[in-house]
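The following exercises concern the reading of backbone geometry, burial and chain contacts from atomic coordinates. Each task is followed by a solution in steps.

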Protein chains: 2
Amino acid sequence: MSKILVQKFGGTSVGDPERIRRVANRIKSYHDKGYQLVVVVSAMGDTTDDLIDLAAKISANPPKREMDMLLSTGEQISVSLLAMALHEIHVPARSFTGGQVHIVTDGNFSNARIESIDTKRLSAELDKGQVCIVAGFQGIDQNQNITTLGRGGSDTTAVALAAALKAKECEIYTDVDGVYTTDPNKVEKARKLDQISYDEMLELASLGAGVLHSRSVEFAKKYEVIIHVKSSFNYSEGTKVVSESQIMEKITVTGVTLKSDDARMTVADIPDKPGVAAEIFQVLADKKINIDVIVQSSSRPDRSTGKDRTNTIAFTLPIAAVAEAKETLQPLIAKWGAGNISADANIAIVSAVGVGMKSHTGVAASMFKALADNGINIEMISTSEIKISCVIAKDRGKDALRLIHTVFGLDKDS
Amino acid sequence: MSKILVQKFGGTSVGDPERIRRVANRIKSYHDKGYQLVVVVSAMGDTTDDLIDLAAKISANPPKREMDMLLSTGEQISVSLLAMALHEIHVPARSFTGGQVHIVTDGNFSNARIESIDTKRLSAELDKGQVCIVAGFQGIDQNQNITTLGRGGSDTTAVALAAALKAKECEIYTDVDGVYTTDPNKVEKARKLDQISYDEMLELASLGAGVLHSRSVEFAKKYEVIIHVKSSFNYSEGTKVVSESQIMEKITVTGVTLKSDDARMTVADIPDKPGVAAEIFQVLADKKINIDVIVQSSSRPDRSTGKDRTNTIAFTLPIAAVAEAKETLQPLIAKWGAGNISADANIAIVSAVGVGMKSHTGVAASMFKALADNGINIEMISTSEIKISCVIAKDRGKDALRLIHTVFGLDKDS
């Protein structure tokens, strides 16, 4: 088995010199065990925000190429400091920019995609016994311009390096112990999972509950990289994100989530014509408004009044985006000469995620029954192969979350 | 004639967003005149010091490779911000690290020498009409490691780029108007020079009086790059540093300087044997102690006592280095079994520099006479082809400086 281990530490873990020293000690403990280590680091604490503020003083709309040039310095600072901290405790280490270890991306500044990694330099340094500290979040394009990978970029760097180096696994250190069955702040009986599949992790990430960004999980799934989510505050085992085939016992539901910052928008009485729904979601997508649950219903044509059949489309979106969404849809209503828009922020979305749903029947039914038995009305339903989401009244959100956590046997003591 | 102009702005000129905007406006004025511009920038104000402090919190003796990785971010930040400021005023601009424009150095981290510059990328960007903003002070070695050039590094970057691109000239912007006949803070009648030769500039730099670091001047001399020292606070002509052959009227003395932070160290009664002086200056050089004036005198052998002939070597060195120098020389005294060391900090060194000395006789005599006529005793003398230095009592330093400035016709009204 590979002796190469990729470890990733976020900005909080390297937020000040004392924490950098602590990370160095952890790295040393793995180095002493004989692992060949590639360590990916984010920018220290608030560095990136400080650099963004600095740029804002120069330009309200700086060119993305120059922003990437600026922001990439944050990681370059933290990798060099971590290498120094390792030298202090006599661990041979060298820091590298994304460009220096040949992380080549497309030229889409501020949101670049990794296209290739040439591991020649890293392999040579590892063979010399060096711990390689690599700046996360960055790469270079074909023309040597510095690019950044956008949100969750350092996780993606770590997973991509693990894939390219065929590493044993990719450890992602965070401020939590691992992935939980639900938010431990909301449900006391939340339990840490030992394993979770890529697809479940992706669903949880899209529900805002994952500790990992979707892009890094997608990357890991594609290249079958084992991600190990661990706490940077202790040495206990965390949660491994693995392919479905590696999970021994498939439990029906792995996690349940609650989203309370979404609103429901209803676009009623719109023409029953092909392309209407497509138009609505295209203009919202153009504004990068995140839509979650979508439900469409139709009215029957009314023979007595001679009115045509009309449609109603309801969907959930972040409360913060309601005003912009209304403004964006108004021209469509005007064009169609029909329809009216309303919004309701008093909702919550409770979801259950689990690959076991594929083979277990009746999961949705159990969820609906549990809610009904407790007097919680379901306003909208959306399902995928491994997820069921119900829109309910906001004031029943936490009740519903605890209830479903218990119903699917996720409580700590069960 | 080349339309390419290299401009270099120091850390003070880009110390905050407002100053960066001001530099951008100046660049625009040259861009509008049709110049192809390559702009070299140092790190903003205190950035480098802040990064050094940060490293010191991690390690008392960080590896030089990692220090270069860390410090090079300072220039990367300022170039990206300056490029943004140019975009704001609709000047097309792109920022580059040293590595991106192929400034290849040796692998001597923290004090690297430029070995080659491949101008392909820069030429291509200039041809596209881009103003190229290049990070000063940095390069990469053969293995893509980031290196820094040490003190005065950004000036060296600018001159090297001007040489490689065969630029019209290399403008170095500073907080003074140009090169003066002497320090205007000490002599009211100091006059700005229109021109000065490389060799004179080098002598002034070694006397601590130059606005340019020796390395950049040496580089300019080697490749015959015209350096134009200008103020970043106004648009007036500065001083051009050119080859001797380009200077029309050769004035005898170009500049006079006063150094008041040196001490004289005397090593007396040492053996009159070959190699003794060499040993002394070798151990001092090993400690990187800067020696300026050196004088050796011999005692006659004393037949009555039978004592051998002995030597006395006196030299000037920074007051701050006296203790270290004594400690360094003590083992030699012990080895020889003879000699004693004393130091005197109550001295000043007054110097006159000028290529005209080569052809004018009597320059030294005029200087000695002027000092003698004013009751200033000369304690040591050192001369080179284009420089005369006299060690005098510290309390007469300023008098001597003004006097010599007048004697050689450098006063503003003469």
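The exercises below treat confidence, helix geometry, strand pairing, loop residues and the contact between chains, in a model that is predicted.

**Exercise 1. Confidence**

State the average pLDDT of chain A and the ipTM and pTM of the model.

Solution. Chain A has an average pLDDT of 92. In that chain, 98% of the residues score at least 70. For the model, ipTM is 0.85 and pTM is 0.86.

**Exercise 2. Helix 9 in chain B and chain A**

Determine whether the span of helix 9 of chain B agrees with or departs from the value expected at 1.5 Å a residue, and locate its bend.

Solution.
1. Helix 9 of chain B covers residues 322-336, which gives 15 residues. The expected span is 1.5 Å times one less than the number of residues. The result for this helix is 21 Å.
2. The end C-alpha atoms of helix 9 of chain B are 21 Å apart, so the span agrees with the expectation.
3. The helix nevertheless bends by about 30° at L329(B), and the proline P331(B) follows within four residues.
4. Just after the helix, G337(B) adopts a positive phi of about 70°.
5. For chain A, helix 9 (residues 322-336) likewise has 15 residues and reaches 21 Å between its first and last C-alpha, close to the expected 21 Å. A kink of about 30° lies at L329(A), shortly before P331(A). G337(A) follows this helix with a positive phi near 70°.

**Exercise 3. Strand 13 of chain A**

Establish whether strand 13 of chain A is enclosed or open, and identify the strand with which it pairs.

Solution.
1. A residue is buried if 20 or more other C-beta atoms lie within 10 Å of its own. Five of the five residues of strand 13 are buried, and the strand is therefore largely enclosed by the rest of the structure.
2. G255(A), T257(A) and K259(A) point one way, whereas V256(A) and L258(A) point the other way.
3. Strand 13 pairs with strand 18 (residues 347-353) of chain A in the antiparallel sense, over five bridges. In strand 18, V353(A) is the bridge partner of G255(A).

**Exercise 4. Strand 3 of chain B**

Describe the two faces of strand 3 of chain B and the sense of its pairing with strand 6.

Solution.
1. From strand 3 (residues 93-96), A93(B) and S95(B) point one way and R94(B) and F96(B) the other; all are buried.
2. The pairing with strand 6 (residues 131-135) of chain B is parallel and runs over four bridges. The bridge partner of R94(B) in strand 6 is C132(B).

**Exercise 5. Loop residues**

Classify S110(A), H102(B) and Q246(A) by exposure.

Solution.
1. S110(A) lies in the loop between strand 4 (103-105) and strand 5 (114-117) of chain A. Because 16 other C-beta atoms lie within 10 Å, S110(A) is partly exposed. Its phi is positive, about 75°, although S110(A) is not a glycine.
2. H102(B) lies in the loop between strand 3 and strand 4 (103-105) of chain B. With 18 other C-beta atoms within 10 Å, H102(B) is partly exposed. Its phi is positive, about 60°, although H102(B) is not a glycine.
3. Q246(A), in the loop between strand 12 (239-242) and strand 13 (255-259) of chain A, has 12 C-beta neighbours inside 10 Å and therefore counts as exposed.

**Exercise 6. The contact between chains**

Find which helix of chain B gives the most to the side that touches chain A.

Solution.
1. The contact takes 25 residues from chain B and 25 residues from chain A.
2. Helix 1 (17-32), helix 2 (47-58) and helix 3 (64-88) of chain B each supply at least two residues of that side of chain B.
3. Helix 3 gives the most, with 13 residues.
4. The residues of this side of chain B comprise 14 nonpolar, eight polar and three charged.

Technical notes: Residues are numbered from 1 along each chain as its sequence is written. Chains are lettered from A and ligands numbered from 1 in the order in which they are written. This is a predicted model: local features need pLDDT of at least 70, side-chain atom pairs count only at pLDDT 80 or more; totals for chains, interfaces and linings use all residues. The bend at a residue is the angle between axes fitted to the seven residues ending there and the seven starting there. pLDDT is the predictor's confidence in each residue, from 0 to 100. Two strands pair if DSSP finds at least two bridges between them. Two residues are in contact if their C-beta atoms, placed from the backbone, lie within 7 Å. Ala, Val, Leu, Ile, Met, Phe, Trp, Tyr, Cys and Pro count as nonpolar, Asp, Glu, Lys and Arg as charged, and the others, Gly among them, as polar.
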